[in-house]
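This report examines the packing of a protein chain, from its interior to its surface. The sequence and the coordinates are shown first.

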Amino acid sequence: MPFVKVNIKEIIEEKRNSDLKFREAWDNSRTEYRLLGELIKLRKEQGLTQKKLAEKTGKKQQVISQIEKHEKSPTLKTLCRLADALNVDIRFVPR
C-alpha cells in the first residue's frame, strides 16, 4: 500500500477555521508547547541533564522527562522550581 502525502499544516488550519472548540484547544496548546520547548532549550544550553535538573528541583528524573515529553503538565509550583533551577524568571508579556 503506497503512502499518501499529507499536508498536516493545511489540515490543522482547515480544522481551526471550521471548528471553534478545536481552534481554542489548538491555540491553547501552542503556548504550552512553546514554554516547554524553551525550558528544554535552557536546560540543554546550561549543560544540565534531566537528572541534574531533577536534583536541583527536588523532583525525580522521570518527572522531568514526562514534563519534557508533554506526558505530564507541571504544577505552578513545579514550574517555578524549574525556573529557579534554570536561573530564569517567568513573565507575562503582551503579545
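The following paragraphs describe the nonpolar core, one of the helices that supply it, selected residues and a surface patch.

The model discussed here is predicted.

**The nonpolar core**

The largest nonpolar core has 13 residues, and the members that touch the most others are L39, L53, I64, I67, L82 and L86. At least two residues of this core come from each of the helices α2 (20-45), α3 (50-57), α4 (61-68) and α5 (76-85). L53 illustrates the packing: apart from residues up to four places away in sequence, L53 touches R43, L48, I64, L82, A85 and L86.

**Helix α4 and its surroundings**

In helix α4 the buried residues are V63, I64, S65, I67 and E68. Their packing partners are the helices α2, α3 and α5. After α4 comes H70, which has a positive phi near 65°.

**Residues in helices α3, α5 and α1**

Three residues are compared by helix and by accessibility in the table.

| Residue | Helix | Relative accessible area | Class |
|---|---|---|---|
| Q50 | α3 | 19% | buried |
| T78 | α5 | 8% | buried |
| I11 | α1 (residues 8-18) | 43% | partly exposed |

Q50 belongs to helix α3. Because the relative accessibility of Q50 is 19%, Q50 counts as buried, the limit for that class being under 20%. The side chain of Q50 forms a polar contact of 2.7 Å with the side chain of E68, and E68 is itself among the buried residues of α4. When neighbours within four places in sequence are left aside, the contacts of Q50 are R43, Q61, I64, S65 and E68. One of these, I64, is also touched by L53.

T78 is part of helix α5. With a relative accessible area of 8%, T78 is buried. Outside its neighbours within four places in sequence, T78 is in contact with K59 and I67. I67 is one of the core residues that touch the most other members, and I67 is also listed among the buried residues of α4.

**A nonpolar surface patch**

Which residues make the nonpolar surface patch of about 400 Å²? The patch is made by V4, V6, I8 and I11. Of these, I11 is found in helix α1, which spans residues 8-18. I11 has a relative accessible area of 43% and is therefore partly exposed, since this class lies between the 20% limit for buried and the 50% limit for exposed residues.

Key
Residues are numbered from 1 along each chain as its sequence is written. This is a predicted model: local features need pLDDT of at least 70, side-chain atom pairs count only at pLDDT 80 or more; totals for chains, interfaces and linings use all residues. Side-chain values use heavy atoms; hydrogens and water are left out. Patches are made of residues with over 30% relative accessible area and no salt bridge: like charges are joined within 9 Å, nonpolar side chains (Val, Leu, Ile, Met, Phe, Trp, Tyr) within 5 Å. Accessible areas come from the Shrake-Rupley method with a 1.4 Å probe; for residues, only the protein chains shown count as cover. A salt bridge is a side-chain nitrogen of Lys or Arg within 4 Å of a carboxyl oxygen of Asp or Glu. Helices (H or I, at least four residues) and strands (E, at least two) are DSSP runs, numbered from the N terminus. Buried means under 20% relative accessible area, exposed over 50%, partly exposed in between (1.4 Å probe, protein chains only). A nonpolar core is a set of buried Ala, Val, Leu, Ile, Met, Phe, Trp, Tyr and Cys residues joined through side-chain atoms within 4.5 Å. Contact means heavy atoms within 4.5 Å. A polar contact is a pair of N or O atoms within 3.5 Å; within protein, one must be able to donate a hydrogen and the other to accept it, and residues adjacent in sequence count only if both atoms are side-chain atoms.
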